[in-house]
Amino acid sequence: MIRCLVVDDEPLALNILEDYISKMPFLQLIKATTNPIEALTLVQQGDIDLVFLDVQMPELTGIQFLRIANGKAKVILTTAYPQYALEGYELDVVDYLLKPIAFDRFFKSAQKAQGIIQPAAAKPVAQAEPAHKDDFSNDFIFVKTEHKIQKVYLHDILFIEGLKDYISIFTPAERIITLQNMKKMEDALPEKHFIRVHKSYIVSINKIDSIERSRIFIGDKIIPVGDTYREDFFKIVDGKNI
C-alpha cells in the first residue's frame, strides 16, 4: 500500500480527495489535514509515501512545503491556479491536478505515482489467453419485443437499463424494450465485455467514453455506479488503465 497524506486548507477539497483515495486499492490514507506544519512533520518522519498537496495555503505554501520536504515523499500538487505548474515540475512533483478534480484525472495521476513508487506492482501481470478467442463481433442474442423476436448483436449494445419488469437495450440506432429481468440478462451476456454497475444498469465495457467520480459517460448518457457494484467495476477499470 502507498501511504498517502492530503494537505489542503479547504475542508471540502479534503473530503473529495479522501473519497477518491478510498476507491483506489493500492492507496492508504494516513492523514487528511488543513495544517501544513503537521503534514510536514509526518513527511520528515518518513511516515508518508505520497502527498496530495494544495499550493495556496496561508501558513506554508505548497512550493515552500516542497522545498522543506526535500524529496522525502512524492508529491502531487492540487490547486486551482495553473501558473504554479512549471515551478512544481521543476521541484520534481509527480503530477499537477487542477481543481475541480475529476475522478478519472485523479485515477491517472494515482496510477502514475504508483508507477514511480511501486514500479513492480504497477506493471500488469501477463495473463494466459484462452486457446480460442470468442468471436464477439458476430455474437448476438434474440429478444422478444411487442411484435417480434429481434436479433441484437452484442457489439452494438451501449448499455441496458432496467425498468421494473422490462429492460431497455440501447444501441446507436435504437432503443429495444423487452419483457425481461436484469439478472437473466446479466447472466446471458459475456462478463468479459459487459458489467453490472447499478441495480438498474449493465454497461458495455468497450463503449465507455469516460468515468468521473462514480459516473460513467457513454455518449450523452450519464450512468451512476452503485455502491454494491463499485469495487468490482473499478477493478475492471484498474486492469485496463495504462
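Select Ile149 to begin: at 61% relative accessibility this residue counts as exposed (over 50% relative accessible area, where buried means under 20% and partly exposed lies in between, with a 1.4 Å probe and protein chains only). Ile149 belongs to strand S7, where strands are DSSP runs of E with at least two residues and helices are runs of H or I with at least four, both numbered from the N terminus. The model in the viewer is predicted, with local features needing pLDDT of at least 70 and side-chain atom pairs counting only at pLDDT 80 or more, while totals for chains, interfaces and linings use all residues. Residues are numbered from 1 along each chain as its sequence is written, and side-chain values use heavy atoms, leaving out hydrogens and water.

Next, add Phe140, Phe142 and Tyr153 to the selection, since together with Ile149 they make a nonpolar surface patch of about 420 Å². Strand S6 (140–144) and strand S7 (149–153) are the elements that give two or more residues to the nonpolar patch.

Move on to Ala188, which is found in helix H7 (residues 182–188) and is partly exposed, with a relative accessible area of 47%. A distance drawn from Ala188 to Ile141 gives 8.4 Å, C-alpha to C-alpha, although the two are 47 residues apart in sequence.

For the interior, select Leu27, Phe52, Phe106, Val203, Ile216 and Phe233, which touch the most other members among the 38 residues of the largest nonpolar core (a set of buried Ala, Val, Leu, Ile, Met, Phe, Trp, Tyr and Cys residues joined through side-chain atoms within 4.5 Å). The elements that each supply at least two residues of this core include strand S1 (2–7), helix H1 (11–22), helix H5 (103–117) and helix H8 (230–240), and H5 gives the most, with 5 residues.

Staying with H5, its 15 residues reach 21 Å from first C-alpha to last, close to the 21 Å expected at 1.5 Å a residue (1.5 Å times one less than the number of residues). The buried residues of H5 are Phe103, Phe106, Phe107, Ser109, Ala110, Gln111, Ala113 and Gln114.

Then centre on Phe233, which, leaving aside its neighbours within four places in sequence, is in contact (heavy atoms within 4.5 Å) with Ile195, Val197, Ile208, Ile211, Ile216 and Val225. Apart from the largest core lies another, of 21 residues, among them Leu53, Val55, Leu60 and Ala73.

Finally, show the whole chain, which has 8 helices and 15 strands, and of whose 242 residues 43% count as buried.

How values were computed: Patches are made of residues with over 30% relative accessible area and no salt bridge: like charges are joined within 9 Å, nonpolar side chains (Val, Leu, Ile, Met, Phe, Trp, Tyr) within 5 Å. Accessible areas come from the Shrake-Rupley method with a 1.4 Å probe; for residues, only the protein chains shown count as cover. A salt bridge is a side-chain nitrogen of Lys or Arg within 4 Å of a carboxyl oxygen of Asp or Glu.
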